[in-house]
Amino acid sequence: MVIRDMALGRTIISIFVGLVFLTGCSGSEPEAKPKSTEPVPAAVTTVQPASENELIVAAGTVRLRRETSLGFTTGGKVASVRFEEGDRVKRGAVLASLDSSTVASDLSVARAERDRAEAEYGRIEKLFKDGWVTKARLEQSEAATRVARARIQSTEFASRTADIRSPGNGIILTRNIDAGQIVAAGTTALVLGEIDKGFVLRVPMTDADAARIRVGMTAKVLVSSISDFPIDAVVSEKDGRADERTGTFEVSFLLPGNDRLRSGQLGKVEIEVSRGSSATFVIPANAIFGIRTGEGLVFVVDDKNRVKQRNVDIGKLTDKNLEILGGLKEGEIIVTRGVEKLRDGDVIKPIRTAK
């Protein structure tokens with residue numbers, strides 16, 4: 001009886017162990033599927049040298065080409081100012097005048113002094129001939145006469161310049177004086193913009209950009225307040241030294257005549273200049289990743305369509321393209337889109353993008 005019970009127990013244990021073994025086998029994880037080796041589609045392009053020319057785009061302000069500061073050559077009281085800011089004037093028009101009563105009085109005094117000096121000189125000359133005065137006394141009288149005559153010329157000049165006259169056809173840009181005001185000689189009374197000289201777009205530029213621009217080069221200027229289309233312009237002037245405050249050089253672009261142009265309007269210029277170096281390349285901006293200061297990474301594709309990370313030196317960003325200063329060679333193929341899906345060593349299916 002005992003032997004029979006022991007045999008039954010061993011049988012039950014065997015069955016239980018077998019069930020556990022079968023359960024464990026049925027619950028085990030399936031083997032991982034092998035990784036796909038299909039090539040990854042990716043857009044690519046061939047590295048080409050950058051264009052020999054570069055487009056400089058900058059903003060500036062429309063000004064009359066010649067804006068002249070006008071003032072009186074002598075001090076005095078302002079008698080009249082005949083024009084306001086924005087008024088158009090013709091060549092030779094009287095713009096402002098000083099009170100001439102003081103000048104007229106000075107002229108009368110100077111003429112009287114001249115007459116007295118000349119009479120005195122005539123008397124001294126006779127006395128010298130008769131031996132009554134020395135030569136030194138004669139020379140002194142002669143010098144006094146010359147001074148009196150010079151004072152007449154000076155006073156007559158002051159009388160002639162008591163009026164400010166327009167040196168050309170233009171627009172009054174600034175008025176700094178009013179009737180009754182006392183002004184000093186040389187003070188800027190009015191600023192005249194000479195229409196005959198035309199309008200220019202004055203643009204501040206860095207020394208690097210200004211150095212590549214020459215007088216006579218053509219450009220396109222857009223003044224949105226007068227037109228939606230750019231107009232032809234020519235470089236007319238360039239500063240010989242930088243502005244002490246900003247360090248920029250001002251370049252002037254001569255604009256064609258247009259009745260809607262006004263001093264102070266804003267404009268944008270585009271001018272094509274020499275890049276200055278043919279050892280650079282331009283690639284799409286989205287081809288680069290892992291950007292650091294002056295550096296970044298690109299995926300270069302080998303002859304087996306396998307990608308390899310490469311460090312490149314980057315320059316400036318122009319529109320959608322990025323300038324590459326070093327790290328690439330002409331004719332190499334790089335990935336331009338899909339870089340975020342790739343890893344070093346991946347095989348790709350190249351898709352050529354339109355240039």
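In this predicted model, threonine 68 has leucine 192 as its bridge partner in strand 10. That pair belongs to a longer match: strand 3 (residues 67–70) and strand 10 are joined by four bridges and run antiparallel. Strand 10 also pairs with strand 8 (residues 170–175), again in the antiparallel sense, this time over five bridges. Within that second pairing, isoleucine 171 has glycine 193 as its bridge partner in strand 10. As background, the strands of a sheet are held to one another by backbone hydrogen bonds, in either a parallel or an antiparallel arrangement.

The surroundings of strand 10 are worth a closer look. Strand 10 (residues 190–194) is largely enclosed by the rest of the structure, because five of its five residues are buried. Burial applies to both faces: Leu190, Leu192 and Glu194 are buried on one side, and Val191 and Gly193 are buried on the other. This two-sided listing follows a general pattern, since side chains in a regular strand alternate between the two faces of the sheet.

A further set of strands can be described in the same way. Four strands make up an open sheet with antiparallel pairing, and their order is 7-6-4-9. At the edges lie strand 7 (163–165) and strand 9 (182–183), each of which pairs on one side only. Strand 4 (residues 76–81) and strand 9 run antiparallel and are joined by two bridges. Here lysine 77 is found opposite isoleucine 182 of strand 9.

Turning to the helices, helix 3 (residues 135–160) offers a convenient check on geometry. Its 26 residues, at 1.5 Å a residue, should span 38 Å, and the end C-alpha atoms are indeed 38 Å apart, so expectation and model agree. Several residues of helix 3 are buried, namely Leu138, Ser141, Thr145, Ala148, Ile152, Thr155 and Ala158.

Helix 3 also takes part in charged contacts. In general, side chains of opposite charge can pair when their charged atoms come close. The search of the whole structure gives 17 salt bridges. In one of these, the side chains of arginine 149 and glutamate 118 meet with an N to O distance of 3.0 Å. This pair connects distant parts of the chain, with arginine 149 in helix 3 and glutamate 118 in helix 2 (residues 100–129), 31 residues apart. Arginine 149 counts as partly exposed because its relative accessibility is 42%, and glutamate 118 counts as partly exposed because its relative accessibility is 32%.

Another salt bridge joins glutamate 142 to arginine 146, at 3.5 Å from N to O. These two residues lie four apart in helix 3, so about one helical turn separates them. Glutamate 142 is partly exposed, with 32% relative accessible area. Aspartate 178 and arginine 175 form a salt bridge as well, and their closest N and O atoms are 2.8 Å apart. The two partners fall into separate accessibility classes: aspartate 178 is partly exposed, with a relative accessible area of 42%, whereas arginine 175 counts as buried at 18%. Elsewhere, a network of salt bridges links Arg65, Arg66 and Glu237.

The packing of nonpolar side chains completes the picture. In soluble globular proteins, nonpolar side chains tend to be buried together. The largest nonpolar core has 25 residues, of which Met205, Phe253, Val269 and Ile271 touch the most other members. Two or more residues of this core come from each of strand 2 (53–64), strand 11, strand 12 (218–222), strand 13 (231–238), strand 14 (249–254) and strand 15 (266–274). Another core lies apart from it and holds 16 residues, including Ala96, Leu98, Ile164 and Leu190.

Methionine 205 illustrates the contacts in more detail. With neighbours within four places in sequence set aside, methionine 205 is in contact with Ile56, Ala58, Ala210, Ile213, Thr248, Phe249, Val251, Phe253 and Val269. Proline 204 is located in strand 11 (residues 199–205) and is partly exposed, its relative accessible area being 46%. With neighbours within four places in sequence again left out, proline 204 is in contact with Ala59, Thr248, Phe249 and Glu250. The C-alpha atoms of proline 204 and valine 251 are 6.3 Å apart, although 47 residues separate the two along the chain.

Note on methods:
Residues numbered from 1 in each chain as written. Predicted model: local features only at pLDDT ≥ 70, side-chain atom pairs only at ≥ 80, totals over all residues. Heavy atoms only, no water. Pairing = 2+ DSSP bridges. Salt bridge = Lys/Arg side-chain N within 4 Å of Asp/Glu carboxyl O. Buried < 20%, exposed > 50% of the residue type's maximum accessible area, 1.4 Å probe, protein only. Expected span 1.5 Å × (residues − 1). Contact = heavy atoms within 4.5 Å. Core = buried A, V, L, I, M, F, W, Y, C linked by side-chain atoms within 4.5 Å.
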